[in-house]
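Trainee: Hey, I've just been handed a new structure and could use a quick tour. Got a few minutes?

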Amino acid sequence: WSYKQVTLEQTDELEYPCANGVFALHENSSKEWFTIPSKSFINALQGVEKFIAKKDVRFYLNGLNMMLDGHKSMSIVGSDGHRLLMRDCEVASNFHANVIIPRTAVKLLAGVKPTTDVKVTLGEFEGNYVWIRFEFDNYVITTKLIDHRYPDFRKVFEQPFNSGVIKDTKQCLKQLKSISYLVTSKFKGIKLWFLPEGTRVTNESDVELCFLPIIVDHNEPFVS
C-alpha cells in the first residue's frame, strides 16, 4: 500500500490520482429541496412501484418518473411499456424538475412508514440533477438518478377517455381473479367486449371466459 496526501478545496469536484485511473467525487453546492406530506407520498409510491419495469432493456423504464411543474404539484409515474399509473401529490415547491428514480430506491421508500414530512433534496451538477436525497425521522436515503429523459406520458392522458361504471365491484374482482391464471408469458392479455348490458371477456380465440358488470358509455364494441 502507498499513501498520498489529498488536498480538499471548495470546488465541485475532487480528484484522487491512482495507478490505474482517477476517482472523481461530485458534490455540487447547487441544491433544491422541498417537503412532501409523508402519508400521501408513501401511498403514491406504493401504488406506482408495482407498475415500474424490471430489467427492461429500455433502462429508463426501470425507474419512477418524478415531475414537478412549478406550481406546488408533483406527478409520479411508473410504466413497464404496457401499463401506466400516475399519481399526483401536493408539495411545498415552486421549481421545475423532471427526474427518474431507480426502482430499487422506490421499493425501499415504499416499505417505510415516516412519521414526519419527507424532505426531498435534488443535487445538481453541470446543469443536470444527478442525485436525490430523502430525509425523514432519523433516516437519510440518497440515490443516483437515471440519466435519461422519460417518455412524455402526458400525451396518453390528453386522449379522450370514455367513462365506465362498475355495478358490482366485488363480483368483478372475483371473476377477474378467477381467470388471472390465463395471463401468461405466451398470452399476455384478454379481450374486453363492451356491450350495453355489461362487458364480455374472451381469450384471443374469442372464447368467452366470463361476463363482467362493467358498463362503458361509448359506441366501440371492442377494446383489446
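Mentor: Sure, let's walk through this one piece by piece.

Trainee: What kind of model is it, and what is the mean pLDDT?
Mentor: It's a predicted model. The mean pLDDT of the protein is 76, with 73% of its residues at 70 or more.

Trainee: Where does pLDDT stay under 50?
Mentor: Over residues 218-224, and the model has 14 contacts for them beyond four places in sequence. Where pLDDT is low, the predicted coordinates should not be read in detail.

Trainee: Okay. How many helices and strands does the protein have?
Mentor: Four helices and 15 strands. As for burial, 35% of the 224 residues count as buried. And if you take contacts between residues at least 6 apart in sequence, 56% of them join residues at least 24 apart.

Trainee: Let's do some strands. How do S5 and S6 pair up?
Mentor: S5 covers residues 73-79 and S6 covers residues 84-90; they run antiparallel, with seven bridges joining them. One bridge to look at is Ser75, whose partner in S6 is Asp88.

Trainee: What's in the turn of that hairpin?
Mentor: There are four residues between S5 and S6, and Gly81 in the turn has a positive phi of about 95 degrees.

Trainee: And S13, which strands does it pair with?
Mentor: One partner is S12 (residues 191-195), antiparallel over five bridges. Lys191 stands opposite Thr202 there, and the S12-S13 hairpin has two residues between its strands. Another partner is S14 (residues 208-212), also antiparallel, joined to S13 by four bridges. In that pairing, Arg200 stands opposite Phe211.

Trainee: What about the connection between S13 and S14?
Mentor: That hairpin has five residues between the strands, and Asp206 takes a positive phi near 65 degrees.

Trainee: Is S13 mostly covered or mostly open?
Mentor: Mostly covered: S13 spans residues 198-202, and four of its five residues are buried.

Trainee: Switching topic. Where is Val99?
Mentor: Val99 lies in strand S7, residues 96-102.

Trainee: Why does Val99 count as buried?
Mentor: Because its relative accessibility is 5%, and the cut-off for buried is under 20%.

Trainee: Which residues does Val99 touch?
Mentor: Leaving out neighbours within four places in sequence, Val99 is in contact with Leu64, Asn65, Met66, Leu122, Tyr129 and Leu145. You can also check Leu68: it is 31 residues from Val99 along the chain, with 9.1 Å between their C-alpha atoms.

Trainee: Now a loop residue. Where is Asn62?
Mentor: Asn62 sits in the loop between helix H1 (38-48) and strand S4 (63-69).

Trainee: Buried or exposed?
Mentor: Asn62 is buried, at a relative accessible area of 17%. Setting aside residues up to four places away, it touches Ile52, Ala53, Lys54, Lys55, Asp56, Pro102, Arg103 and Ile146.

Trainee: What does its side chain do with Asp56?
Mentor: A polar atom of the Asn62 side chain lies 2.9 Å from the backbone nitrogen of Asp56.

Trainee: How does Thr115 look, buried or exposed?
Mentor: Thr115 is exposed, with a relative accessible area of 67%. You'll find it in the loop between helix H2 (103-110) and strand S8 (118-125).

Trainee: Which side chain does Thr115 make a polar contact with?
Mentor: The side chain of Asp137, at 2.6 Å. Pro37 is worth finding as well: Thr115 and Pro37 are 78 residues apart in sequence and 9.6 Å apart C-alpha to C-alpha.

Trainee: Last topic, rings. How many aromatic pairs are there?
Mentor: The structure holds four. One of them is Phe59 with Tyr60, an edge-to-face pair with 6.0 Å centre to centre and 70 degrees between the planes.

Trainee: How covered are those two residues?
Mentor: Phe59 is partly exposed, with a relative accessible area of 42%, whereas Tyr60 is buried at 18%.

Trainee: Which charged residues sit over rings?
Mentor: Among them is Arg83, whose charged end sits over the ring of Phe51, 4.6 Å from its centre. Another is Lys119, over the face of Trp33 at 4.7 Å from the ring centre.

Trainee: Great, I'll go and look at these myself.

Methods. Residues numbered from 1 in each chain as written. Predicted model: local features only at pLDDT ≥ 70, side-chain atom pairs only at ≥ 80, totals over all residues. Heavy atoms only, no water. Buried < 20%, exposed > 50% of the residue type's maximum accessible area, 1.4 Å probe, protein only. Polar contact = N/O pair within 3.5 Å; in protein donor to acceptor, adjacent residues only side chain to side chain. Contact = heavy atoms within 4.5 Å. Pairing = 2+ DSSP bridges. pLDDT = per-residue confidence, 0-100. Phe/Tyr/Trp six-rings, centres within 6.5 Å; stacked < 30°, edge-to-face > 60°. Lys NZ or Arg CZ within 6 Å of the ring centre and 35° of its normal.
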